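Colleague: Could you take a close look at one helix for me, and tell me what packs over its buried side? After that, please set it in the context of the rest of the chain.

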Amino acid sequence: MAKDSALLIGILVLCCWAAMADAEYMAYKDPKHPINHRIKDLLGRMTLEEKIGQMVQIDRTVASAEVMKKYYIGSVLSGGGSVPAKKASPKTWVDMVNDFQMGSLSTRLGIPMIYGIDAVHGHGNVYKATLFPHNVGLGATRDPELVKKIGAATALEVRATGIPYIFAPCVAVCRDPRWGRCYESYSEDPKVVQSMTEIIPGLQGDLPANFRKGVPYVAGKQKVAACAKHYVGDGGTTKGINENNTVTSKHELLSIHMPGYSSSIIKGVATVMVSYSSWNGIKMHVNRDLITGFLKNTLRFRGFVISDWEGLDRTTSPPHANYTHSILAGVNAGIDMIMVPSKYNEFIDGLTLLVKNNSIPISRIDDAVKRILRVKFTMGIFENPLADYSMTKYLGSREHRELAREAVRKSLVLLKNGESADEPLIPLPKKASKILVAGSHANDIGNQCGGWTIEWQGQSGNTTSGTTILEAIKNTVDPKTEVVFNENPDASYVKSNKFSYAIVMVGEPPYSETFGDSLNLTLPDSASTAITNVCASVKCVVVLITGRPVVIQQYVAQIDALVAAWLPGTEGQGVADVLFGDYGFTGKLPRTWFKTVDQLPMNVGDKHYDPLYPFGYGLTTEPIKDN
């Protein structure tokens, strides 16, 4: 009996030693090891099934802890408007993300997933988040340091909901305002776009000294992995048609559309998203020369390349017509993570078969997985896979709202100010007997935020918390000044009410992507009526709330002062700050303002350049005291 006990104890000891030895050899779990050592160790332990799982990103609507565990899913996302609940609190978001993460951590190797979301002007999907001006407005500021601060604030608000990865910034160079994503572009000028990539160190953290070029970098739990998008040429399509064909020489592609990526990679961007669009007829999602050849080999990008939403499906017409071929072409082109986002079984089965029959070499799969793991190790997500509630305080914080307000002030472009420089209308007097505020965008937080706000397309109305421009005006004028709001006044009403002056706020309804494509770029009829009825009878300032230049030439003569406010976001107080002279106008046009759509595309530097207002234009005013 004693011998049996001794034998049993000996076996147990040996088992413990074996377990300990095994644990010691799991180098990938030890943050003291260099990242490349950890990648090599983990990759060597992974089955084909586990590797392919890492390459899959699915939407939260089809995700669960069980799905994460069963299929070894590498990433989950929220598409535009995909939320755990309407007006969900940060804690609800954290709990959802952690639930998915627990599924990933319960797998054999415990590789954590990363959750991604569009945060293109602040944390737009989330109720009560601070929403900054869309990129076109930030381009008007010409202030890279401000944009870096916006990146840092966005990172904190995204982390407040337990999310470590965002699909931003968009470094598109919009060359035609008819494109429905033009407001996501900082400028038509690649130099301005390049300068605005300073948002990346804001989002991810400043690179350490002597950090290797092209290697992704994320500086801990208060930062997020960023994504430069949409590679490449998305802003150059014919007539600005979304997801269409960019017809241009290689020289123009590299000199106009590529510089934003070069700068992003130098700044350590973690991921790059491929564009739906084509270059000279070849879909970017299957363009091996540009994804593997140029991005990975020439620019030395070491992060991972991600597809767009159902990006592989859309490589055929109609979409999903030959999915096996789409998988083959997209993965072999160099895409590392595929945003499936719902039919993950079909993708996993298709890719597995293509590897097993040697259509896709295992070296290509290993390259993809190495890149995904590199980003995950760099993020520190192996050490801190689960979020907590400690950062929920950052969502919509006062400090962030003040930063957004500053961004609004600096983004406003003054296009006209009185009939001559001797008789400016702006700054407006705070003391007046009665002022009229009119227009569809004066008291509508949804309209002033635009697309990618709560819903994918955005939505008019009281969709989230913030300050409308009407509220801002009331906050700013003298308490004795009567502010009258009439969204659509008729001409007789304006004539008979003896207003001191009027502010008319009109613009585009919210939209995103293809829904925003427009061949005519005209304002809605209600806007035209409001401008005509008001400005015919009283001195008027027209504030345009648009994602791009629009057709306004026929109104300019009857307007006394004209302001381009772009899509300012939640902090409308920034508009009133400048209209009433607490701060001066400093913004400069990030895009050429055309006269007619027949001139398009027309960009700064073109031979035939005859704009209504040229690129870089913007009148200035001085702040005044005791207005």
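Modeller: In this predicted model, the cover over the buried residues of α16 includes two helices that come before it in the chain, α6 (135–141) and α7 (144–159), together with the strands β12 (413–417) and β17 (561–564) and the helix α21 (573–579). The residues of α16 that are buried are His400, Arg401, Leu403, Ala404, Ala407, Val408, Arg409 and Ser411. An α-helix has 3.6 residues a turn, so residues three or four places apart point the same way. The helix itself runs over residues 398–411, and its 14 residues reach 20 Å from the first C-alpha to the last, close to the 20 Å expected at 1.5 Å a residue.

Two of the elements that cover α16, namely β12 and β17, lead into loops that deserve a closer reading. The loop between β12 and β13 (434–438) holds Leu425, which is buried because its relative accessible area is 13%, under the 20% cut-off. Leaving aside neighbours within four places in sequence, Leu425 is in contact with Asn417, Gly418, Lys539, Cys540, Val541, Asp560 and Ala561. One of these partners, Lys539, is 114 residues away along the chain, yet the C-alpha atoms of Leu425 and Lys539 are separated by 8.2 Å. The peptide bond from Ile426 to Pro427 is cis, with omega near 5°, and Pro427 also lies in the loop between β12 and β13.

On the other side, the loop between β17 and α21 contains Trp566, whose phi is near 55°, a positive value in a residue other than glycine. Trp566 counts as buried because its relative accessibility is 1%. The helix α21, residues 573–579, is again part of the cover of α16, and the residues that Thr476 touches, not counting those up to four places away in sequence, include Gln573 and Ala576 as well as Lys430, Phe580 and Asp582. Thr476 lies in helix α18 (residues 469–476) and is buried, with a relative accessible area of 10%. Thr476 and Asp582 are 106 residues apart in sequence, but their C-alpha atoms are 9.3 Å apart in space.

A further pair of loops is joined by contacts elsewhere in the chain. Asn242 lies in the loop between β5 and β6 (245–246) and counts as buried at 8% relative accessibility. Apart from neighbours within four places in sequence, Asn242 is in contact with Trp179, Arg181, Glu513, Thr514 and Asp517, and the C-alpha atoms of Asn242 and Gly516, 274 residues apart along the chain, are separated by 8.8 Å. Glu513, one of those partners, lies in the loop between β15 (501–507) and α20 (525–535), where Glu513 has a positive phi of about 50° although it is not a glycine. Glu513 counts as buried, with a relative accessibility of 10%. As for β5 itself, this strand covers residues 227–231 and includes His230, which is joined to Lys229 by a cis peptide bond with omega of about 0°.

Another helix may be set beside α16. Helix α15 (residues 362–379) has 18 residues that should span 26 Å at 1.5 Å a residue, and its end C-alpha atoms are indeed 26 Å apart. Of those 18 residues 14 are buried, so α15 is largely enclosed by the rest of the structure. Just after α15, Gly380 takes a positive phi of about 80°.

For the chain as a whole, there are 21 helices and 17 strands, and buried residues make up 62% of the 627 residues. Among contacts between residues at least 6 apart in sequence, 77% join residues at least 24 apart; the pairing of Leu425 with Lys539 is one contact across such a separation. A compact globule with 627 residues would have a radius of gyration near 25 Å, and the 27 Å of this chain agrees with that, while the C-alpha trace spans about 110 × 55 × 45 Å along its principal axes. The chain exposes about 23,900 Å², of which carbon and sulfur atoms supply 53%. Finally, the chain has 65 positive and 61 negative side chains, and the centres of the two sets lie 4 Å apart.

Definitions and conventions
Residues are numbered from 1 along each chain as its sequence is written. This is a predicted model: local features need pLDDT of at least 70, side-chain atom pairs count only at pLDDT 80 or more; totals for chains, interfaces and linings use all residues. Side-chain values use heavy atoms; hydrogens and water are left out. Helices (H or I, at least four residues) and strands (E, at least two) are DSSP runs, numbered from the N terminus. The expected span of a helix is 1.5 Å times one less than its number of residues. Buried means under 20% relative accessible area, exposed over 50%, partly exposed in between (1.4 Å probe, protein chains only). Contact means heavy atoms within 4.5 Å. The radius of gyration is taken over C-alpha atoms; the globule rule is 2.2 Å times the number of residues to the power 0.38. Accessible areas come from the Shrake-Rupley method with a 1.4 Å probe; for residues, only the protein chains shown count as cover. Lys and Arg count as positive and Asp and Glu as negative; His and the chain ends are not counted. The place of a charge is taken as NZ of Lys, CZ of Arg, CG of Asp or CD of Glu.
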